[in-house]
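Please open the structure in a viewer and keep the sequence panel visible. The stops below are given in the order in which they may be selected.

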Amino acid sequence: MNTIKETLETPVRYACDVCVCGGGVAGIAAALAARRAGADVLLLERGFILGGLATAGLVTIYLPLCDGEGTQVSFGLAEELLKLSIEHGIEDRNPVHWFDDYSQEERKNAERYEVQFNAQLFAVSAEQQLLKEGVKILYGVTAVAVQKENDKITTLVIEGKSGREAISVGKSVVDCTGDADICVLSGEKTRLHGEGNVLAAWYYGFAEGKYALTMCGLAPNPPKPEDGTVLPQNRRYAGVDTEEITEFMVDSHASMLNHILNRRKETPDLLPVTMATTPQFRMTRCIEGVSCVDITADHKRVEDSVGLFSNWRKRGPVYELPYTTLYGKNIKNLITAGRCTCASDAMWDLTRVIPVCAVSGEAAGLAAAMTDDFAALPVAALQDRLVKNGVKLHL
């Protein structure tokens, strides 16, 4: 591959205590937690809507905060953001037993504590809440480089409409990119998900007087491009290469179109209303943390727990989230939240979802406001402040 050598002088336009990279649910939670702890916070989002997969990706299901046995396990910002997502009205899955005074037995036999929300309203509500609390947001920017001193990030370089600019980081960086991008830029160790991602093409449609989400995977009979080749039906996508991501989006669009056209044969008034504007990757790349949470940790006590989460796929299991899964061994002032925290492949499908993104985001944001060396931070001090914020740490 040919290369070029660049000599750059980049203006340092911004400065902050904590820089949160990525405006998905994890980033929203991290930014709020850090700001509420007194830090000057800058939130970077490469798109133009907050919420990440939850909004731009149309994964509009806020999965359970409960164990399915009638007990709530995720609290703090995880619950606050669930309520924020439906502050203008619930779209679906109204968990009335959790909003009113019901017994544990009644909740056990009812719906789980989850909702389905409107993507656009949630994104705007989150934006307004962040701005109200003093978080500065930059849209349309991507972190492309870092500078380090003594194994700490001192400067983030971003690119956006204004060109190449730099951010002076006074304390810490929270990687909420979903793909551990800041980890890669800074030299922190990462790994790829072992199986990759299947094609997804979720969209909203309007038909027969109803507005509804269609959770469309790869259509059974994808259309053929002009050259006669058939779109891949069993392909897995790693999600960290520009050309492959482009192929994923093209395949996703074609699959969605085919699905809609087939549906219109029986429901001719069907109209597509909204399609995903970000790749619907679930698991891509994560940090190699000091520790790694695994599916076998069900109901096991973790001394450095920073919150609880359940299994959205089945009732019963509950896990404690270890603080040491959020940061690595190389960069002292870098921490992760969301789907790029350290989890085994078997556990990753649980830790990537909205409630756990909020749990890890709150812990990471609070820690980022407290220290510039995550390994040196006394976990008991972090836990005390999380408990004061209403977070439950142990079973």
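Select Thr60 and display the residues around it. Apart from neighbours within four places in sequence, Thr60 is in contact with Ala54, Val115, Gln116, Phe117, Ala119, Tyr204 and Leu213. With Tyr204 there is also a polar contact, 2.6 Å long, between the two side chains. The model, which is predicted, places Thr60 in the loop between β2 (41–45) and β3. Is Thr60 buried or exposed? Its relative accessible area is 0%, so Thr60 is buried, the cut-off for that class being under 20%. For a distance check, add Ser85: the C-alpha atoms of Thr60 and Ser85 are 9.4 Å apart, while 25 residues separate them in sequence.

Next, select Gln72, in the loop between β3 (61–62) and α2. Which polar partners does the side chain of Gln72 have? A polar atom of this side chain lies 2.9 Å from the backbone oxygen of Ser74. The side chain of Gln72 also makes a polar contact of 3.2 Å with the side chain of Glu79. Beyond residues up to four places away in sequence, Gln72 touches Leu65, Cys66, Glu79, Trp98 and Tyr113. The relative accessibility of Gln72 is 14%, and therefore the residue counts as buried.

The loop of Gln72 leads to α2, which is the next selection. Show helix α2 (residues 77–85) together with helix α1 (residues 25–36). Two packed helices are described by the angle between their axes and the distance between the axes. Here the angle is about 115° and the axes are 11 Å apart. The crossing of α1 and α2 is right-handed. To view the contact itself, display Val25, Ile28, Ala29, Leu32, Ala33 and Arg36 on α1, and Leu77, Glu80 and Leu81 on α2. Sorted by class, this contact has seven nonpolar and two charged residues, and no polar ones.

Now move to strand β7 (residues 152–160) and select Ile153 within it. Which residues surround Ile153, leaving aside neighbours within four places in sequence? The contacts are Val146, Gln147, Lys148, Val169, Val173, Ile182, Ser186, Ile331, Asn333 and Leu334. Ile153 is buried because its relative accessible area is 1%, and buried means under 20%. To relate Ile153 to another part of the chain, select Trp348 as well: the two are 195 residues apart in sequence, and their C-alpha atoms are 27 Å apart in space.

Remain on strand β7 and select Thr155. Outside its neighbours within four places in sequence, Thr155 is in contact with Ala145, Val146, Gln147, Ala166 and Ile167. Thr155 has a relative accessibility of 13% and so counts as buried.

Finally, display the whole protein chain. How many helices and strands does the protein chain have? There are ten helices and 16 strands. The radius of gyration is 21 Å, close to the 21 Å given by the globule rule for 395 residues, so the chain is as compact as a globular protein of that length. Turn the C-alpha trace along its principal axes: the spans are about 65 × 65 × 40 Å. Colouring by accessibility would show buried residues making up 55% of the 395. Of the contacts between residues at least 6 apart in sequence, 70% join residues at least 24 apart.

Technical notes:
Residues numbered from 1 in each chain as written. Predicted model: local features only at pLDDT ≥ 70, side-chain atom pairs only at ≥ 80, totals over all residues. Heavy atoms only, no water. Axes fitted to C-alpha atoms, helices over the stretch in contact; angles between N-to-C directions. Helix = DSSP H or I, 4+ residues; strand = E, 2+ residues; numbered from the N terminus. Left-handed = near helix turned anticlockwise from the far one by under 90°. Contact = heavy atoms within 4.5 Å. Nonpolar A, V, L, I, M, F, W, Y, C, P; charged D, E, K, R; others polar. Buried < 20%, exposed > 50% of the residue type's maximum accessible area, 1.4 Å probe, protein only. Polar contact = N/O pair within 3.5 Å; in protein donor to acceptor, adjacent residues only side chain to side chain. Rg over C-alpha atoms; globule rule 2.2 N^0.38 Å.
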